[in-house]
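Here are my notes on the model you sent, set out as numbered points. Please read them with the sequence and the structure open side by side.

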Amino acid sequence: PLTLAILYCVGQIQCVRGNHVDSLKTYMTALSLARSAFEEKSLEVAACLNCIGVLPAFIMPIGDDETALDALLTSLNGRQKLQGEEHIEVGTN
């Protein structure tokens, strides 16, 4: 979990600095680690997928909308299964 938190912070800094491709690579690394350490349907994997979806959809000048949509929907579905459809975090991620 600590490594994932650090990678998230690194990805955020890269994004703020405009290094979107590096930020996306950092989030992909975090996703790979989350999948190795936790089950596919885990909050950690869902959080990584959320970052991977938001970055190209809303921040990168020329994003990959299909990849972003897939990542966001996978994150949403995972959170719904883990937390229930009425949980507040499901609606905000």
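Leaving aside its neighbours within four places in sequence, which residues is leucine 7 in contact with? The first point takes this up, and the later ones move on to other residues and then to the whole chain.

1. The model is a predicted one, and what follows should be read with that in mind. Leucine 7 is in contact with Thr26, Thr29, Ala30 and Leu33, once its neighbours within four places in sequence are set aside. Leucine 7 itself has its place in helix H1, which covers residues 2–16. For one of these partners there is also a backbone distance: the C-alpha atoms of leucine 7 and alanine 30 are separated by 6.2 Å, although the two residues are 23 apart along the chain. Leucine 7 has a relative accessibility of 16%, and because buried means under 20%, leucine 7 counts as buried.

2. Leucine 4 is also placed in helix H1, and with a relative accessible area of 13% it is buried. Beyond its neighbours within four places in sequence, leucine 4 is in contact with Ala30, Leu33, Ala34, Phe38 and Glu44. Ala30 and Leu33 were named above among the contacts of leucine 7, and they appear again here for leucine 4. The C-alpha atoms of leucine 4 and leucine 31 are separated by 8.5 Å, with their positions 27 residues apart along the chain counted as sequence separation.

3. Phenylalanine 38, a contact of leucine 4, has its place in the loop between H2 and H3. Is it buried or partly exposed? At 24% relative accessibility, phenylalanine 38 counts as partly exposed, since the limit for buried is under 20%. Not counting residues up to four places away in sequence, phenylalanine 38 touches Pro1, Leu4 and Glu44. With Pro1 the separation in sequence is 37 residues, whereas the C-alpha to C-alpha distance in space is 9.7 Å.

4. Serine 42 lies in the loop between helix H2 (20–37) and helix H3 (43–59), and it is buried, with a relative accessible area of 9%. Its side chain deserves a look on both sides: a polar atom of that side chain lies 2.9 Å from the backbone oxygen of glutamate 39, and a polar atom of the side chain lies 3.2 Å from the backbone nitrogen of valine 45.

5. Valine 45 is found in helix H3 and counts as buried at 1% relative accessibility. Apart from its neighbours within four places in sequence, valine 45 is in contact with Leu31, Ala34, Arg35, Glu39 and Glu40. Of these, Ala34 is also in contact with leucine 4, and Glu39 is the residue whose backbone oxygen was paired with serine 42 above. Valine 45 and isoleucine 59, by contrast, are 14 residues apart in sequence and 21 Å apart in space, C-alpha to C-alpha.

6. Turning to the whole chain, the protein has 5 helices and 0 strands, and from the N terminus its elements run α-α-α-α-α. Its radius of gyration is 13 Å, which agrees with the value near 12 Å that a compact globule of 93 residues would have. The C-alpha atoms fill a box of roughly 35 × 25 × 20 Å along the principal axes. Among contacts between residues at least 6 apart in sequence, 44% join residues at least 24 apart.

7. Finally, on the surface and the charges: 33% of the 93 residues count as buried, and the accessible surface comes to about 5,800 Å², with 59% of it belonging to carbon and sulfur atoms. There are 6 positive and 11 negative side chains, and the centres of the two sets lie 6 Å apart.

Key:
Residues numbered from 1 in each chain as written. Predicted model: local features only at pLDDT ≥ 70, side-chain atom pairs only at ≥ 80, totals over all residues. Heavy atoms only, no water. Helix = DSSP H or I, 4+ residues; strand = E, 2+ residues; numbered from the N terminus. Rg over C-alpha atoms; globule rule 2.2 N^0.38 Å. Buried < 20%, exposed > 50% of the residue type's maximum accessible area, 1.4 Å probe, protein only. Contact = heavy atoms within 4.5 Å. Areas by Shrake-Rupley, 256 points an atom, 1.4 Å probe, with all protein chains shown as cover. Lys, Arg positive; Asp, Glu negative; His and termini not counted. Charge placed at Lys NZ, Arg CZ, Asp CG, Glu CD. Polar contact = N/O pair within 3.5 Å; in protein donor to acceptor, adjacent residues only side chain to side chain.
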